[in-house]
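Here are my notes on the model you sent over, in the order I'd look at things on screen. Have it open beside you as you read.

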Amino acid sequence: GVMTALADFILKSPAHKALVLMAVLGLDLFLGLGALSLPSGMDFADLMLDSSYVKVYIVESRTVDMCVLDRGHDVDFFLMDGTPYHTTELQIKLDTMLAGAIADSEYTVGPADDWTMAFRAYTKSHPTFSPYTVTISDVTYFDPIASGMVTDEAAADAMFLTAVDSFVEAWPRYKWYITRSEETCDDTTGACQPSGPIVMSYVSLFHVDIKTTVDQTQAMHDMYHAVDNSGISPEPIAFAQLYQLYSLYDTLWQEVMFNFAFCLIAILIIVSIVVKNLRAVFVCGVGVALVDLDLLGALYYMGYDLNAITSTQLLMAIGLVVDAIAHVAHAACRQSGTPNERVKKALEEVGSPVGLGCVTTTFGVLSLNFAQSQSFRMFFDVFITIIVLGAIHGLLFAPVVINILMSVGNDTGPAHGPASHRAAASSSDGAASKAEGTAVQSPVETIVN
């Protein structure tokens with residue numbers, strides 16, 4: 001009933017077909033425009049329960065622009081094992097890198113939390129270590145060789161480590177900025193102190209005003225650029241805890257597009273093998289591509305971003321949507337008759353199961369809408385959008401396009417369609433009966449006669 005009425009409406013005349021096709025493509029165009037503005041990113045608040053303490057803090061602090069997630073965070077520059085700390089050249093390059101990172105990035109400020117700078121100030125004022133310092137342009141550097149106090153690298157390095165031991169004893173907070181290769185323990189007290197060469201240390205700057213994904217990824221790339229141009233060997237590593245997410249945002253679009261293209265190609269290959277009809281393959285490919293484009297736009301209009309949750313659903317949508325489109329296209333290709341008759345038969349045959357699948361899937365995910373976390377409600381919103389767009393393209397777009405393609409090709413269906421099979425089988429039975437002398441007519445012969 002419902003599918004017959006739907007088929008009668010969309011196939012009533014060329015004008016009705018054009019109206020339906022233009023309506024679907026108009027929706028695709030509207031949503032596609034939204035896709036062009038879709039940002040990537042993830043709000044931490046969406047991952048938490050609505051009533052959680054952290055969620056309440058984020059919401060309340062944002063009303064007065066005091067949320068730490070938006071205002072900024074530390075960024076650390078890790079100096080690797082083998083860094084020649086005791087040379088003037090390294091200390092100048094480190095100062096230049098930090099100054100350049102601040103000057104070249106609108107999202108980064110100082111002063112630097114730099115243990116090497118505090119160490120140089122300490123050695124300058126310490127009577128034991130001040131002879132090992134040099135002053136260039138009013139800036140003090142700790143360099144035992146340049147000071148003339150020692151002549152070889154081993155002695156310079158040993159004096160540097162001795163000065164570091166004294167420095168961290170005087171300024172314990174900087175102990176945590178430096179990782180040593182060994183520990184020296186007191187057998188009496190059991191207390192242990194770091195010793196040996198420095199295998200890693202870090203200095204810090206601060207990111208500010210990084211409220212959007214564009215700000216966050218740009219701030220990260222500014223720091224990478226500062227490190228690349230530092231000239232320090234081994235090259236330092238710029239890192240912040242949130243860089244893990246920023247890196248995801250930075251590559252998410254490329255990864256989604258690559259995986260979408262890969263999945264679409266796989267779908268086309270499978271459909272071409274199973275359906276064996278180029279028209280159906282074309283309709284499936286275009287329909288799935290349009291639905292995923294629509295989903296990107298729908299995310300934008302719903303106020304969501306492209307993130308780990310929504311990107312997974314975008315790829316998952318390919319497998320969900322292709323079912324609705326492929327069933328209708330395949331059913332139409334198996335029918336015989338005029339293009340209108342074939343599409344109508346197809347909708348009557350598989351339209352109801354497709355519609356029922358949409359309804360049951362909706363009920364299956366309905367409980368997510370009542371979850372106490374925005375991430376689950378977001379999953380529900382996107383899933384419902386997938387179902388609606390799949391139904392529109394499976395029950396409206398696919399029938400009209402496959403009908404037009406059949407009309408252009410003047411395709412009346414396979415000679416071995418379901419009706420032809422029954423006719424051929426009946427004729428065969430009738431012929432066999434006649435050959436045995438039995439006056440039995442097949443049902444087809446009876447109808448024809």
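**Notes on the predicted model**

1. **Two cis prolines.** Pro-111 is part of strand β2, which covers residues 108-113. Keep in mind that this is a predicted model. The bond leading into that proline, from Gly-110 to Pro-111, is cis, with omega near 5 degrees. There is another cis bond between Ser-233 and Pro-234, where omega is about -5 degrees. Pro-234 sits in a loop, the one between α8 (213-228) and β7 (237-239). These are worth a look, because most peptide bonds are trans.

2. **Positive phi at Asp-65.** Asp-65 is not a glycine, yet its phi is positive, near 55 degrees. You'll find Asp-65 in the loop that runs between α3 (53-62) and α4 (68-71). How accessible is Asp-65? Its relative accessible area is 37%, so Asp-65 counts as partly exposed.

3. **Positive phi at Ser-137.** Ser-137 also has a positive phi, about 50 degrees, without being a glycine. Its loop lies between β3 (133-136) and β4 (139-142). Ser-137 has 68% relative accessibility, and because the cut-off for exposed is over 50%, Ser-137 counts as exposed. As background for both of these points, most residues other than glycine have a negative phi.

4. **Overall shape.** The chain has 15 helices and seven strands. What is the radius of gyration of the chain, and what would a compact globule of 449 residues have? The chain comes out at 36 Å, while the globule would be near 22 Å. The C-alpha trace spans about 125 × 55 × 45 Å along its principal axes. Of the 449 residues in the chain, 43% are buried.

5. **The N-terminal end.** Gly-1 belongs to the segment before α1 (2-10). Gly-1 is exposed, at a relative accessible area of 87%. To get a feel for distances, try Gly-1 against Ser-230: they are 229 residues apart along the chain, and 73 Å separates their C-alpha atoms.

6. **Aromatic pairs, starting with Phe-78.** The model has 20 aromatic pairs. One of them joins Phe-78 and Tyr-202, with 5.4 Å from centre to centre and 40 degrees between the planes, which makes the pair tilted. Why pick out this pair? Phe-78 is in strand β1 (residues 72-79) and Tyr-202 in strand β6 (residues 192-208), so the contact ties together parts 124 residues apart in sequence. Phe-78 itself is buried, with a relative accessible area of 18%.

7. **A stacked pair at Phe-167.** The ring centres of Phe-167 and Tyr-174 are 5.3 Å apart and their planes meet at 25 degrees, so this pair is stacked. Is each partner buried or exposed? Phe-167 is buried, with a relative accessible area of 0%, and Tyr-174 counts as buried too, at 9% relative accessibility. Tyr-174 has a further neighbour: Arg-173 lies over the face of its ring, at 4.6 Å from the ring centre.

8. **The aromatic cluster.** Where do these rings belong? Phe-78, Tyr-202, Phe-167 and Tyr-174 are among the members of one aromatic cluster. The other members are Tyr-85, Trp-115, Phe-119, Tyr-122, Tyr-132, Phe-142, Phe-160 and Tyr-177. I'd colour this set before moving on to the next point.

9. **The cavity.** How many cavities of 30 Å³ or more are there? The count is one, and the largest cavity holds about 50 Å³ of space. Its lining is made up of Tyr-85, Leu-90, Gln-91, Leu-94, Trp-115, Thr-116, Phe-119, Arg-120 and Phe-160. Some of these names will be familiar: Tyr-85, Trp-115, Phe-119 and Phe-160 are also in the aromatic cluster.

10. **Who lines the cavity.** Helices α5 (88-104) and α6 (115-125) each supply at least two of the lining residues. Which element gives the most? That is α6, with four residues. By class, the lining has six nonpolar, two polar and one charged residues. Arg-120 is the charged one, because Arg counts as charged and Arg-120 is in the lining.

Notes: Residues numbered from 1 in each chain as written. Predicted model: local features only at pLDDT ≥ 70, side-chain atom pairs only at ≥ 80, totals over all residues. Heavy atoms only, no water. 1 Å grid on protein atoms, 1.4 Å probe; cavity = no way out; pocket = protein on both sides within 12 Å on 5 of 7 lines; lining within 4 Å. Points joined across faces, edges and corners; volume = space filled by probe spheres on them. Phe/Tyr/Trp six-rings, centres within 6.5 Å; stacked < 30°, edge-to-face > 60°. Buried < 20%, exposed > 50% of the residue type's maximum accessible area, 1.4 Å probe, protein only. Lys NZ or Arg CZ within 6 Å of the ring centre and 35° of its normal. Rg over C-alpha atoms; globule rule 2.2 N^0.38 Å.
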